[in-house]
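Ready for a few short exercises? Take a look at the model below, then work through each task before reading its solution.

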Amino acid sequence: MKKILILFAHPRYEISRANRALLEPLHDLEQVTIHDLYEQYPSFNINSAREQQLLLAHQIIVWQFPFYMYSAPSMIKQWIDLVLEHGWAHGAGTRALENRTIFATVTTGGSRESYAPDGFNRHTMGEFLVPFQQTALLCGMHYLPPFLVQGTYRLTDPQLARFVDQYRDLLIRLSQAPPTPGELSGMERLYDLSAPLPPTPHD
């Protein structure tokens, strides 16, 4: 069974509804480690050596965060800059995380329809997440499509509960058998691997 590390960053977790709901049912999964970066490093003084050892102890990495101003919270960028350093994660002959699997779990207030070329935000989530994809590829990791929970402000409790169930089921499945390249062909989001969710509310 592969071990999963969730690198979680939410600068205002105390008001989070969706991310809190996604994480709560994961605490009893022995193969999942939840690593709250804001809790660990309130002064942003990240211990790179400790983080690198944590990465090496897991086979699947997840960046989980709310989408803030078309990117991740600053803690995630700080973590990437300091931990995935040249000479360890990438560089000539040095790719410590090669062949590990990585993807992003992202919540957005805007709906799925608003993240489209003809939508309010003018770009898809895949386009907004290209820097994360390229970072993973630079480090020789397998980058999977994101798990997206969108339109969070208007999700009903039953709709959110379905995302929560899908997320837990997805992590269990990934820990047992990561998807083949054929399963990922053309996918924009990871929960297409299992039963489709009902449409989220429009903006």
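**Exercise 1: a salt bridge across the chain**

At 34% relative accessibility, Arg17 is partly exposed. This is a predicted model.

Task: find the residue with which Arg17 forms a salt bridge, and place both partners in the chain.

Solution. Start with the contact: Arg17 pairs with Asp157, and the closest N and O atoms are 2.9 Å apart. Next, locate the two residues: Arg17 sits in the loop between strand S1 (4-8) and helix H1 (18-23), while Asp157 belongs to helix H7 (residues 157-176). The pair thus links distant parts of the chain, 140 residues apart. Finally, check the accessibility of the partner: Asp157 has a relative accessible area of 58% and is exposed, because exposed means over 50%.

**Exercise 2: a second link to H7**

Task: describe the salt bridge between Arg168 and Asp28.

Solution. Begin with the distance, which is 2.9 Å from N to O. Then place the residues: Arg168 is in helix H7, and Asp28 is in the loop between H1 and strand S2 (32-36). Last comes accessibility: Arg168 is partly exposed at 23%, whereas Asp28 is exposed at 57%.

**Exercise 3: two helices**

Task: classify the packing of helix H3 (residues 48-56) and helix H4 (residues 74-83).

Solution. First, read the geometry: the angle is about 90° and the axes are 10 Å apart. Angles of 65 to 115 degrees count as roughly perpendicular, so H3 and H4 are roughly perpendicular to each other. Now list the contacts: Ser48, Glu51, Gln52 and Leu55 in H3 meet Trp79, Leu82 and Val83 in H4. By class, this contact has 4 nonpolar, 2 polar and 1 charged residues.

Terms used
Residues numbered from 1 in each chain as written. Predicted model: local features only at pLDDT ≥ 70, side-chain atom pairs only at ≥ 80, totals over all residues. Heavy atoms only, no water. Axes fitted to C-alpha atoms, helices over the stretch in contact; angles between N-to-C directions. Helix = DSSP H or I, 4+ residues; strand = E, 2+ residues; numbered from the N terminus. Parallel < 35°, antiparallel > 145°, perpendicular 65-115°, else oblique. Contact = heavy atoms within 4.5 Å. Nonpolar A, V, L, I, M, F, W, Y, C, P; charged D, E, K, R; others polar. Salt bridge = Lys/Arg side-chain N within 4 Å of Asp/Glu carboxyl O. Buried < 20%, exposed > 50% of the residue type's maximum accessible area, 1.4 Å probe, protein only.
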